[in-house]
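Reader: Please take a close look at the aromatic ring pairs in this model, and set out how each pair is arranged and where its partners sit.

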Amino acid sequence: MPLPSPARPHRVAALAFDGMAPFELGCVVELFGLPRPELDLLWYDLTVCAQTREPLRVVGGFSMRAEHGLEALTSADTVIVPGVSDVGGPVPEPLVTALRVAHARGARMVSICSGAFALAAAGLLDGRPATTHWRYAALLQERFPAVLVNPSVLYVDDGDVLTSAGSAAGLDLLIHLVRRDHGPNVANTVARRLVVPPHREGGQAQFIQAAVTPVRDDDAVARAMAWALEHLAEPISVPGLAGVAHMSERTFIRRFRQQTGTSPLRWVISQRVAASLPMLESTAAPVEEIGAAVGFESPVTFRHHFTRAMRTSPSAYRKAFSA
């Protein structure tokens with residue numbers, strides 16, 4: 001979705017709720033509320049709104065007051081719903097109506113974490129792929145059977161309706177919105193300002209079973225990972241990585257999964273796909289050459305793994321995000 005007009009900034013309306021956690025809303029304010037004169041372009045115009053002008057209780061023992069009511073949704077180009085405070089309770093009818101009207105008018109609808117329950121209550125996720133925090137995925141599917149819930153991804157871009165997984169995945173989605181609106185260079189600059197990666201590989205499935213074990217600088221698995229990153233263009237095998245780590249293949253696979261949440265070969269594939277992104281964005285090299293440069297044995301293999309990871313083809317990615 002392009003910016004509405006070069007004559008005015010893109011209007012973003014973010015909803016605040018009584019009993020909300022402040023992190024998700026803070027991410028929205030950080031991305032869209034801060035002026036960014038260094039980018040030399042028309043930035044977003046952010047409005048925070050709520051159903052009431054009364055003080056809202058915020059997790060952590062403080063309160064906040066939104067200066068605008070739900071009427072702010074009537075002129076917004078993008079509406080963002082952070083995590084709702086009660087995933088099992090009903091969504092107030094005035095909010096449901098306001099969300100439906102905003103979407104019917106053409107606004108881009110976005111949810112972070114449990115905010116998907118508000119969009120689902122408004123019927124905006126019916127028949128669509130969507131995600132939410134993995135803890136709530138089963139409940140979202142149970143309460144709203146028409147939603148095509150995917151609990152494994154960080155976010156889902158379904159055109160005019162976008163949803164993200166848990167709180168930190170909201171940052172991934174918000175940076176993705178900047179990338180859609182302004183291109184990869186601006187998104188990369190904003191990500192650097194936030195000290196976060198402009199794009200994270202993989203999904204939230206790696207966080208479901210257990211927290212990822214920190215990787216120490218002196219860890220054998222970390223050494224193998226560092227070696228792989230320096231040799232992506234070359235053939236890489238599990239026995240070879242295990243040899244770099246001075247471990248048996250079985251022990252290496254087990255230790256690697258404990259520390260990263262994935263298998264060695266899946267991780268290598270994700271790093272190869274990630275390494276191809278800058279080349280697709282900033283060079284005119286043929287897709288076949290880029291695939292070979294990052295270690296894929298054939299163009300078919302590169303396209304297969306790229307499409308699986310990025311939900312689009314290398315050519316389509318280049319067309320959308322090349323500088």
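Author: A good place to begin is Phe306, which counts as buried because its relative accessibility is 0%, and the cut-off for that class is under 20% relative accessible area. The model is a predicted one, and the values given here are computed from it. Tyr317 is likewise buried, at a relative accessible area of 3%. These two residues, Phe306 and Tyr317, form an edge-to-face aromatic pair, with 5.7 Å from centre to centre and 75 degrees between the ring planes. Since Phe306 belongs to helix H12 (residues 299-310) and Tyr317 to helix H13 (residues 314-321), the pair ties together parts that lie 11 residues apart in sequence. Phe306 and Tyr317 also belong to a cluster, in which ring pairs link them with Phe296 and Phe302.

By the distance rule for ring centres, within 6.5 Å, the count of aromatic pairs comes to nine. One of these is formed by Phe256 and Trp267, an edge-to-face pair whose centres are 5.8 Å apart and whose planes stand at 70 degrees. This pair links distant parts of the chain, with Phe256 in helix H9 (residues 249-260) and Trp267 in helix H10 (residues 264-282), 11 residues apart. As for their surroundings, Phe256 counts as buried because its relative accessibility is 1%, and Trp267, at 10% relative accessibility, counts as buried as well.

Note on methods
Residues are numbered from 1 along each chain as its sequence is written. This is a predicted model: local features need pLDDT of at least 70, side-chain atom pairs count only at pLDDT 80 or more; totals for chains, interfaces and linings use all residues. Side-chain values use heavy atoms; hydrogens and water are left out. Rings of Phe, Tyr and Trp (its six-membered ring) pair if their centres lie within 6.5 Å; planes under 30 degrees apart count as stacked, over 60 as edge-to-face and the rest as tilted. Helices (H or I, at least four residues) and strands (E, at least two) are DSSP runs, numbered from the N terminus. Buried means under 20% relative accessible area, exposed over 50%, partly exposed in between (1.4 Å probe, protein chains only).
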